[in-house]
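Here are my notes on this one, in no strict order. Have the model open while you read.

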Amino acid sequence: MPQMDSQGEPEKNSRPSGGGGARILALTICSAAIGGTFQYGYNISIINAPTSYIQTFINDTYMERWGTSLDGPQLTLVWTIIVSAFPLGGWLGALLAGPLSVRFGRKNSLLLNNSFMFAGAILVLTSRAAKSFEMIIFARFLVGMNSGVSMNVQPMYFGESAPKHLRGAVAFSSAVFTAFGIFLGQVVGLTEVLGAQHLWPYLLASNAFPGLLQLLTLPWFPESPRYLLIDRGDKEACVKALGRLRGGVAPISEVEEMLQEQEQQKSAALNSGSSANKTPWTLFKDKDLRSQLRTVMAASSAMMLCGNDSIYFYAYYIFLAAGIPAQKIQYITIGTGASEFTASILSNLLIERVGRRYLLIGGYSLMSFWTVVFTVALNLQSRGVTGMAYLSMVCVFCYILSFGLGPAGVTGILPAEIFDQSARPAAYMVAGSFMWISLFLVGMLFPFIVKGLGDFCFLPFLVVCVSSAVFLGLTLPETKGKTLAEITAEFDRRNGKKKEYSDIQMDEQIKEQYQLGKAASITNLMLDPDTKPDLEIIQPEVNV
């Protein structure tokens, strides 16, 4: 049944009115993601293929400088620094993402973010001529900064640009492009492509091409409408951007929802006596948002502490033990990236039907099961039981599939859906910080875990997966198709709070201002209130 406006007429613009809006939205997603989360996945995978070549370059450079070579532990330390520079840069990028997205906007932040990638590519390409492995360390740090910014700003951009009924699927596309980046990085890293010894600088610098593609395409697409209206107060630009994303006409219901959120944000800022946009510190001090913040912190940490990236590392040894020739393993390893890519596409199709909560909890539950099977298989394999190496291979693929089905994509959606416009950038800063610190810790500690626990090395990941499934099951409400007020009310209900929200139970004066066809009408938004006398009665309180 069609929705009715204030005049009793059907509301025609509650969803995109034509294929034009869908095309613009789809192209915006592709343009933003190809230079965004795609880069994160791509840069994680391309570093694996040239590992031995870069280590040889490090040793040769050190020998030429000091007349002696590095021993095994020293070389491992330098390589560990190169690998660790990526998550450290990502952590700094996550901290920069909030201020950048507020100061320059979501789209412009993604465009400016490419400068880190281009600088890193130049350093890598000139490192061999300069005979400096330190340039590779700095390049990986800059690449990490690029990924840290994009992993936070891109889901924010998508969540604010998509219609409510497609919000989850659009935001989840960030995970699809991450998985695609991992897969393509594995393909490009093949010996027949850019994985040969003399081509490793070009392999590491190939990440500049997606950045260039984004610079050529993204400027043609609209900025986040919510950012334009709520953060910048530019009502004309908001209506124009929303119209392009929805097929020509901005839906009245969406504009009305933004106006309500803008009014709430202004009221909250006046009551608290602080600025409209929250910082991570004010977010931690806000008692009303602690439940949401705990949920986001736990989900972001679990995404990296669950050991999915360690599975990628361990896959080489699993495949080798299964009897696959060493020179062929690079082709089998592509299957791991293809598994996550396939799972992310499937999850993208399911998220608006199944919901975020069930995908997240189900993903961690399946990962817990496969971790148990994996541990049993590794122990039986070490005792010479026939066929266990192949069971271990199955566990590798199933674990990655389970991760891609839920945690890989749903985690990035949560801050966009459970925080309002003023708190969202700070929430992504906190979530990104926990994610990158967790990735750094896993990368540093996993070799010691393997050495200390042997065949039981995945038991710590089992603890993380089980704990995450239980905690998120108890604390996270379903957010599918709900407004921010409904989600916040559900969080409070779970915590035993009773609170009224102005956009659920508004007083008569505000409710009258927000009636369709009045303050929220597209026509009135496009006009200057000073030029239309009857708007002066309702505009001072809204002040958009």
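1. Start with Cys457: at 0% relative accessibility, it is buried (buried is under 20% relative accessible area, exposed over 50%, partly exposed in between, with a 1.4 Å probe and protein chains only). Cys30, by contrast, is partly exposed at 39%. The disulfide count is zero, taking a disulfide as a pair of cysteine sulfur atoms within 2.5 Å.

2. A word on the ground rules: this is a predicted model, where local features need pLDDT of at least 70 and side-chain atom pairs count only at pLDDT 80 or more, while totals for chains, interfaces and linings use all residues. Residues are numbered from 1 along each chain as its sequence is written, and side-chain values use heavy atoms, with hydrogens and water left out.

3. Now have a look at helix α22, residues 484-494 (helices are DSSP runs of H or I, at least four residues, numbered from the N terminus). Its buried residues are Ala485, Ile487, Thr488, Glu490, Phe491 and Asp492. Among the elements covering them are α14, α19 and α21 (459-475).

4. There are three cavities of 30 Å³ or more (a cavity is a set of points on a 1 Å grid over the protein atoms alone where a 1.4 Å probe fits but cannot get out, and lining residues have an atom within 4 Å of a point). The largest holds about 320 Å³, the volume being the space filled by probe spheres set on the points, which are joined across faces, edges and corners. Of its 28 lining residues, Met151, Met303, Ala408, Gly412 and Met435 sit closest to the centre.

Key
On a 1 Å grid over the protein atoms alone, a cavity is a set of points where a 1.4 Å probe fits but cannot get out, and a pocket is an open set with protein on both sides within 12 Å along at least five of seven lines; lining residues have an atom within 4 Å of a point. Helices (H or I, at least four residues) and strands (E, at least two) are DSSP runs, numbered from the N terminus. Contact means heavy atoms within 4.5 Å.
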